[in-house]
Protein chains: 2
Amino acid sequence: MSDVTIWTYDWVPEGPRGFVRDLRLRWACEEAGLAYAVRTIPFDDRETNHLARQPFGQVPYLDDGGLEMFESGAGLLHLAGKDDKLMPRDPVGAAQTLQWTIAALNSIEMVTVPWWFLKMTGDEDNELTGWVDKRLAQLEAILSAREWLAAGRFTVADLLMADVLRVPTVRAFGDRPASDAYVARATERPAFKKAWADQLALFEAADAMRAA
Amino acid sequence: MSDVTIWTYDWVPEGPRGFVRDLRLRWACEEAGLAYAVRTIPFDDRETNHLARQPFGQVPYLDDGGLEMFESGAGLLHLAGKDDKLMPRDPVGAAQTLQWTIAALNSIEMVTVPWWFLKMTGDEDNELTGWVDKRLAQLEAILSAREWLAAGRFTVADLLMADVLRVPTVRAFGDRPASDAYVARATERPAFKKAWADQLALFEAADAMRAA
């Protein structure tokens, strides 16, 4: 019996498999050893049937014993409040973890996601490229000097930053060995591997159901 | 004597005045009645002399009695932990405030900022326009049904969302009366007016210094 339920789609196309953001919450639960269940909402018509629970029609949606919240970043910070494996409890370590979690969402992902969205829609050399290059270079400088972003150890900030950086379009952009090694360190963790394999298995099972 | 120090630039050009993100932290301190000091770092050469404290060369930078952190969103959540005027203390109210704070950073600003950046660089009808339109429409639906985003009252989530939405390029895009009224409600608060006037006064004083 688990109190934590992670809601995701019941199926997605090939492209986003392994990258749907329920993975962030699965990964956090695996790191912390928190029991959790995964439940699904229909991917089809997600923007009508899902809007009552999530105003932007997105996943994941977290339910912690009846306490419901959307936004993967918010879910991660909420889970970090449940177990200090995800965020240290000393004020400095907690502040560093919070700042790097927000940096992943608002200084890195805010540039990388619109950038690869534009590339995907055919605007290969779009005007965000220079901005992305600058941000990734600044981050490379940081990651050249430390193993993890905050508090001298793996935290939820690394979980999120590594998930932002592991996107293939981002990894293929520029030669950034420290960032490459950082993403490898994070994604070699057993908790990531379990979360990733479980997400793929869910969508493969959905394929089988659809084919039947 | 105040424990909270907000670091910002000593000068900025006309364009960003009233929108530099130290305003978010000033506003939060004003709402909570927290004493604070404002100190400045040189705007010129910000990307070299400031990188030791802020890896992306940005402001603001918050110092709370020696506890230092960057990212305005992180600073807001940190300040919200100091006073319940910014975030309710009941679990549901706190979770709602957290989710909407992250939504402002990662579901709205992640689309609006790159969008107006592209417009500023001359790409007026860029491919992000449809995405921005959809997100703002989803938010308009939410704001048509409630006065504030979380917990039935003003929270730090509204402070942040209103700051994201009050950008003139965003306000000028589409007819969204509920969002207009929401931004007006937030920016008519005395705490916003004080924070805004104080930021403008700082940069005007800097003009006078430069001219002298």
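**Exercise 1: a hairpin in chain B**

Task: In this predicted model, find which residue takes a positive phi in the hairpin of β3(B) and β4(B).

Solution: Start with the two strands. β3(B) and β4(B), the latter covering residues 67–70 of chain B, run antiparallel and are joined by four bridges. Next, pick out one facing pair: B:Asp63 stands opposite B:Glu68 in β4(B). Now look at the turn, where two residues lie between the strands. There you meet B:Gly65, with a positive phi near 60°.

**Exercise 2: the other neighbour of β3(B)**

Task: Which residue of β3(B) is the bridge partner of B:Val4?

Solution: Go to strand β1 of chain B, residues 4–9. Four bridges join β1 to β3 (residues 61–64) of chain B, and the two strands run antiparallel. Follow B:Val4 across and you arrive at its bridge partner, B:Asp64.

**Exercise 3: how the two chains are related**

Task: What turn and shift lay chain A on chain B?

Solution: A turn of 180° with a shift of 0.0 Å along the axis does it, giving an RMSD of 0.0 Å. The two copies are therefore related as by a two-fold rotation axis. Both copies use the same surface, as 100% of the contact residues of chain A recur in chain B. To find the axis, look for A:Met110: of the residues of chain A, its C-alpha comes closest, at 2.2 Å.

**Exercise 4: the contact**

Task: Which element supplies the largest share of the side of chain A that touches chain B?

Solution: First, count: 33 residues come from chain A and 33 residues from chain B. Then list the elements of chain A that each supply at least two residues: β4, α3, α4 and α5. The largest share, 16 residues, comes from α4(A). Finally, sort this side of chain A by type: 21 nonpolar, seven polar and five charged residues.

Terms used:
Residues numbered from 1 in each chain as written. Chains lettered and ligands numbered in written order. Predicted model: local features only at pLDDT ≥ 70, side-chain atom pairs only at ≥ 80, totals over all residues. Least-squares fit on C-alpha atoms with pLDDT ≥ 70 in both. Contact = placed C-beta atoms within 7 Å. Nonpolar A, V, L, I, M, F, W, Y, C, P; charged D, E, K, R; others polar. Pairing = 2+ DSSP bridges.
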